[in-house]
Amino acid sequence: MTDVKIHKRANNNESSSKKRAKLKRFIPIYIMMLPGLVYLFINNYMPLPGLIVAFKQYNAKLGIYGSKFIGFKNFEYLFKTTDAWVITRNTILYNIAFIIVNTVMAIMVAVILSELNGKRKKAYQSLILLPNLISTVIIGYLVFAFLSVENGFANNTILPLFGKEPIDWYSEPRYWPFIIIFVSAWKSVGYNCIVYLATIMGFDRSYYESALVDGATRWKQFQYITLPLLKPTIIMLTLMAVGRIFYSDFGLFYQVPMNQGALYSVTNTIDTYVYRGLLQLGNISMSAAAGLYQSIVGFILVLSANMLVRRLDKDSALIQGGN
Amino acid sequence: MKKVVALFLVLMMIFGLVACGKADKGNDAGQTSEADQGSDSDTAGGEITHLVMSFMTFTGAPADTQKVQDAMNEILTEKYGIEVELQISDYASYKQNMTLALSGGEQIDVFNTITTGYNSMVQQGYLVDLEENDLLKNYGAGITEAVGEEYMNACRVNGKLYGLPNNRDMAQGRGCAAIATEYLEGIGYTVDNSTEIIKIPVDELNEIYAELHDKYPDVEVYRPTILSMSQFSNVDLLGNNAFGVLLNYGKELEVENLFTSDFYKEYCARMYDYNQNGYISKDAATDTTAVTELVKAGTLMSYTTGGKPGIKQQETNLCGRPMTIFQTLDDYVSSAAVASFPWSISINTVSAEASMKLLNALYTDPDLANILSWGIEGTHYKVLDSGMSTFADGVDATTSGWSHNVTWQMPNQFITYVWEGNDPALWENIKTFNTNAQKSSASGFTFDTTNVATEMTSVQNVYDEYQKSVEYGFVDPGTGIEEMNAKMLKAGLDKIITEKQTQLDAWAAAK
């Protein structure tokens, strides 16, 4: 009995001194981490108690903590309206479509770019990235140049070519799901493909060389080498996108359809709804309520998506969890 | 090599942090030294209070803001022991800047409540009660005198005064259409040049439009804007929203649903006709170019505007071609007109007394008012022999460092020079215009949205969805209005109307 105990203690001593040594070795790294942590604490954690304003009837004279507590009343407007269903549906369905379409497009472009080399590659990459650098307001007008009813390129040049009648683009909701998904892909593909391209460039070329020796076609190489190696990256980026599934790109849904009332049934998302509703009222508490709601749903979605991934493929999950 | 780079980066970071700290200190030092200088020059030897004053222009702070500020301070420090710092934002970001500054506890002493919503500022507690501790009585007696008791009372919210109305056109000529004169001449219409605003019935206006369209089929006849409906109506938008209004120039205190009223049906039907006749561009709902710009470009002939003395000159300047103004309805002072953008003192003020003194000076001192409106004499403007002002020699609207076009926002433009090109008696004309106009019986009523915030948000969203298609005449009003109204009722329009009526009754009883 005692023997065992002594042995255990010795073991403990040994491991704690090991730990200490480890800590010593990592001190410089921790110090390097410090500015980031301090920033994170000040910027992301210190304002957290302020979230309580979502449950208050805010009055500047009384301050955030002194204002009257009104429970969940500030959240009511998000659910009470007839539009609650429409805005939730739009936000989630569009984001799912974006995740799928944009990921497929980004991988496609990344693979094609990786096959090119030299100057051509740089030129193509910059050109594809360009739309991402343009302000959404300007993109809105680019789209308008195409779709303007009287002077637009679509109604005056493209449609007559096919002998079709002009279309009232900005008052016909049925075209807009496609237009918005198209614009989103056009805008973001250049940026999204960068991560994939960088990952592909990092692959060991010997895989491809031996595949060539075995007589694998380009498609087979893509199918059996590129795609499996890309999987962790795809899962990571998708998980991050899922976390933002309850947020929408405000500019894309507000500026690109030119804030047209007739298109609200397919362009109204949580962000545009909150913006329009509160623009008049300027109510800080209700805005905070919307933000808090989005964050909580986003948090739950990330955790559950991660859980799902962990069950299917443990190594690819972002948060590894206990067991 | 790596070590050198790392060292360099670390040094950069440390330097950056130190520089930040220093810059802040530097600013503070600058401010105190400025204040010191101020007190040196102050012969009375009293302490100089540094105040921050905010308002908006359409393009942000003019180039010569600092010079104008210095010129104001020359007078202010000597006479009033105040030093002012001007913080000017552009129209689009003013509201956001003010909300952020006020909720963030930044020093703002005196500011104009334009675009921020006077009422919502009051409800969120950002404004100082101006009569607390006899503030107005002791330090701002000249303001009441300059503006008049009646207008002051119109700014009261629940009996308390949080804002001071500015002297400007309170009334609005309703049902006004501006038409470019050259097209009118083209159809052989003889323009009556003896009056600034020509009164005609709406049928005659429709006939003019029909003739214009026949003669110039390629030019857009009329372009509605988001404000057109209220400008072309006798409706009083209580609390500045269309959900529960007073009809018929607000003669009766009866809150009604605008969207089931005969007026609204007739208005939308007229727009629908315009659209069917091809008067309105199919891009009208999407194109956000200002109507005056369209007229300037020669693609539009007419639009709706709010009438007032000086309107003809104003629209002619904006459009770059002579305009003729027609009016089909009466002049009207709506319930919200007086209190739409009063001057206020924020709760973040360093001294409410000094702020009130500053406001009092701006309302009563012609020298200060002229600097604020027109800039520095000799640099930005000069006074003609006729007693009117115009650009200083070698300066015009584009090169002047202080030509902001928001003189109507300033506390008291009635004590400033009249700009050349206007009637020399412009200020008198505006005063008469205000007095002679019909007045809403709810003048001064403000709507507290606290109890119906949820409904307001929902109904506003429905209105945004339908407003342009219905009010620009893109859909048949028969079905369009009904659909919108049904959806609004579902979103709680009734509750807003009932709440408005309750508050209006209580307001009337307290009065």
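**Exercise 1. State how far the contacts of chain B reach along the sequence, and describe its overall build.**

Solution. Among contacts in chain B between residues at least 6 apart in sequence, 79% join residues at least 24 apart. Two residues are in contact if their C-beta atoms, placed from the backbone, lie within 7 Å. The model is a predicted one, in which local features need pLDDT of at least 70, side-chain atom pairs count only at pLDDT 80 or more, and totals for chains, interfaces and linings use all residues. Residues are numbered from 1 along each chain as its sequence is written, while chains are lettered from A and ligands numbered from 1 in the order in which they are written.

The next step concerns secondary structure. Chain B contains 19 helices and 15 strands; helices (H or I, at least four residues) and strands (E, at least two) are DSSP runs, numbered from the N terminus. The radius of gyration of chain B is 26 Å, close to the 24 Å that the globule rule gives for 511 residues, so chain B is as compact as a globular protein of that length. This radius is taken over C-alpha atoms, and the globule rule is 2.2 Å times the number of residues to the power 0.38. Along the principal axes, the C-alpha trace of chain B spans about 70 × 70 × 55 Å.

The last step is burial. Of the 511 residues in chain B, 48% are buried. A residue is buried if 20 or more other C-beta atoms lie within 10 Å of its own, exposed if 12 or fewer, and partly exposed in between, with C-beta atoms placed from the backbone.

**Exercise 2. Carry out the description for chain A.**

Solution. Chain A has 14 helices and two strands. Its radius of gyration is 26 Å, whereas a compact globule of 323 residues would have one near 20 Å. The C-alpha atoms of chain A fill a box of roughly 95 × 75 × 35 Å along the principal axes. Buried residues account for 27% of the 323 residues of chain A. For contacts in chain A between residues at least 6 apart in sequence, the share joining residues at least 24 apart is 70%.

Confidence comes next. The mean pLDDT of chain A is 86, and 92% of its residues reach 70 or more; pLDDT is the predictor's confidence in each residue, from 0 to 100. Among the elements of chain A, helix α1 (residues 2-45) has the lowest mean pLDDT (77), and helix α8 (residues 176-201) has the highest (93).

**Exercise 3. Locate the domains of both chains and the contact within chain B.**

Solution. Domain bounds come from an automatic or database domain assignment. Chain A is divided into domain 1 (1-43) and domain 2 (74-316), and the C-alpha centres of domain 1 of chain A and domain 2 of chain A lie 44 Å apart.

Chain B is divided into domain 1 (39-168 + 339-416) and domain 2 (172-336 + 428-511). The C-alpha centres of domain 1 of chain B and domain 2 of chain B are 31 Å apart. Their contact takes nine residues from domain 1 of chain B and nine residues from domain 2 of chain B. On the side of domain 1 of chain B that touches domain 2 of chain B, the elements giving two or more residues are α4 (118-123) and β4 (156-157) of chain B.

**Exercise 4. Describe the contact between chain A and chain B.**

Solution. The contact takes 33 residues from chain B and 33 residues from chain A. On the side of chain B that touches chain A, the elements giving two or more residues are α3 (91-103), α17 (453-471) and α18 (477-491) of chain B. The most comes from α17(B), with 13 residues. By class, that side of chain B has nine nonpolar, 17 polar and seven charged residues. Ala, Val, Leu, Ile, Met, Phe, Trp, Tyr, Cys and Pro count as nonpolar, Asp, Glu, Lys and Arg as charged, and the others, Gly among them, as polar.

**Exercise 5. Examine the backbone at Asn240(B) and Asn405(B).**

Solution. Most residues other than glycine have a negative phi. Asn240(B), although not a glycine, has a positive phi of about 60°. Asn240(B) lies in the loop between α10 (228-231) and α11 (262-276) of chain B. With 19 other C-beta atoms within 10 Å, Asn240(B) is partly exposed.

Asn405(B), although not a glycine, has a positive phi of about 60°. Asn405(B) is placed in the loop between β14 (389-391) and α16 (426-436) of chain B. Asn405(B) is partly exposed, with 13 other C-beta atoms within 10 Å.
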